[in-house]
Amino acid sequence: MRANFIFSEVWIGLRRNLTMTIAVIVTVAVGMGLLGIGLMINSQVSSLTGYWTDKVELSVFLCEKNSPFPACKNKGAITEEQKAALKQTIESLPDVERVDFEDQAKAYENFKDGGNNSILLSVIKPEDLPESFRVKLKDPDKSTAVQDSLKGQAGVSNIVNQRQILESAFGFMEKLRNMALGVAILMVLAATLLIGNTVRLSAYNRRRETGIMRLVGASNVYIQLPFVMEGVIAGLIGGVFAAVLLIFTKVFIFEQIQTYTAAPLTWNTVAFVITVTMIIGVVICLLASFVTLRRYLRV
Amino acid sequence: MIHFDNVTKVYANQNRPALDHVSVDVDKGEFVFLVGPSGSGKSTFLRLVLKEERPNSGAIHVAGKDLAKLSNFKVPHLRRRIGCVFQDFRLLPKKNVYENVAFALEVIGKPRRFIRKVVPEVIELVGLEGKAHRMPEELSGGEQQRVAMARAFVNRPMILLADEPTGNIDPATSIGIMKVLDRINRTGTTVLMATHDAAIVDSMRKRVVELEDGKIVRDQSRGVYGQAY
């Protein structure tokens, strides 16, 4: 009897305010979807950071004939003695784990494997590529310090810190995440206000019924539950749409870029994000309904 | 059953109190008319009994409970022991007679079997047998008020509050309404009725409490409407 009664009331309420209900569902879906995307980017960034940090290297490029870098200007190619001295200097640094020498032939192999386009490959010859030392660090956080101490050594043309390249890529993802979260917050705010309005309309439409319920001594829970349920059901439907949106994002965006990122976003993470957004969506609807009811449904 | 001790009620933004140091006692099973001009405090009195309003000072006891000590959480339970009838009937237009009466039991969570048993009984008590499936709009004013009384009484309250129940009903029909109220009173229910209707008060010969400007100016057993000192 109880459940029956409450669900029929909820159904009537949702149908009477159909446009408002749809507005709530859409805002909750978009808001929670963006929140979820933000969370997914966040988990992607942290898993990528973990994956790449171990592999970060410093590439110490060496001077050759006609090197355009100012450090090598008018000095010609690095001599064998300089090369040996430089290697020793690098190896003597406390933060360095390992130093590998990459000659022009090996650099050309790597260049070919790097997926560069065929026109570029046909023009570039092994002699065009610089020799370099590949420096693996014990502690990736020290990369900048090591980079600074090697700068200006004789025969060094340029030092590329992979960490800085990664950081700019992560920085871009983090900006994307912040944007998604920012919009999500706005949408949550909009959803809260919309739910408040819907519940208010609902309470007004049913003031006769609630007035009688109050008089005959229906408990507050009994009077308020249909209204709260309306908000929660709208939130739940919005949450389902958000979940679909998140699954699409995983399949069509994250799985496309995963080729480059090497640390794929797992379905476990997606499931976790969906659960979190669902719960947040429903809780927001619950609170918004409750707060409005306290104002518009005097008990 | 209803006990007012020096009760004063001043509404916000008003200087004059709606009730001014009112003390009155209504015993179990009594039938009391509350009379007086508009704005004399009759409705405020009824609202205070229901704890829809709180007094500014004084104590109110209803059905043995001190309303000041009754938490908001327990107010619904108080209201289950009080039936209410109004001038404007307050029926649900989309429900028929049976459903209107059953609604009062549904929303306090009574089992379906109980509802099926008691609702026809009370519909018969108010004299609407055979009309259980009519819609309110198909009924006369008097019949609608009977539905409202059935709804107020279906949970067997200890107290029945009636706020001008005959206000929208012609005198001939009003007699029928009063007979139903009298029948309810005879089951042991305390009836408190606010009214303007002098003919009814005079014919019933029950206790009369007269309010004027928020003060009790007369409390007379077996009284009449007009001044009868």
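Let's start with confidence in chain A. Helix α10, residues 267-296 of chain A, comes out highest, with a mean pLDDT of 88. Helix α5, residues 118-123 of chain A, comes out lowest, at a mean of 77. Keep in mind that this is a predicted model. Across chain A, pLDDT averages 82. In that chain, 94% of the residues score at least 70.

Now the interface. How many residues does the contact take from each chain? Chain A gives 18 residues, and chain B gives 24. Between them, chain A and chain B bury about 1900 Å². Carbon and sulfur atoms carry 60% of that area.

Next, the polar side. The count is 4 residue pairs in polar contact between chain A and chain B, both residues at pLDDT 80 or more. Salt bridges across this interface? The rule finds 1. Which side chains form the salt bridge? Arg214(A) and Glu52(B), at 3.5 Å from N to O.

So much for pairs; on to elements. On the side of chain A that touches chain B, the elements giving two or more residues are α1 (2-16), α8 (207-215) and α9 (220-261). Which of chain A's elements gives the most to that side? That is α8(A), with 6 residues.

Last, the make-up by class. The side of chain A that touches chain B has 8 nonpolar residues. It also has 6 charged and 4 polar residues.

To recap: about 1900 Å² buried between chain A and chain B, 1 salt bridge across the interface, and α8(A) giving the most on chain A's side. That's it from me.

Terms used: Residues are numbered from 1 along each chain as its sequence is written. Chains are lettered from A and ligands numbered from 1 in the order in which they are written. Side-chain values use heavy atoms; hydrogens and water are left out. pLDDT is the predictor's confidence in each residue, from 0 to 100. Helices (H or I, at least four residues) and strands (E, at least two) are DSSP runs, numbered from the N terminus. Contact means heavy atoms within 4.5 Å. Buried area is the accessible area (1.4 Å probe) that two parts lose on being put together, summed over both. A salt bridge is a side-chain nitrogen of Lys or Arg within 4 Å of a carboxyl oxygen of Asp or Glu. A polar contact is a pair of N or O atoms within 3.5 Å; within protein, one must be able to donate a hydrogen and the other to accept it, and residues adjacent in sequence count only if both atoms are side-chain atoms. Ala, Val, Leu, Ile, Met, Phe, Trp, Tyr, Cys and Pro count as nonpolar, Asp, Glu, Lys and Arg as charged, and the others, Gly among them, as polar.
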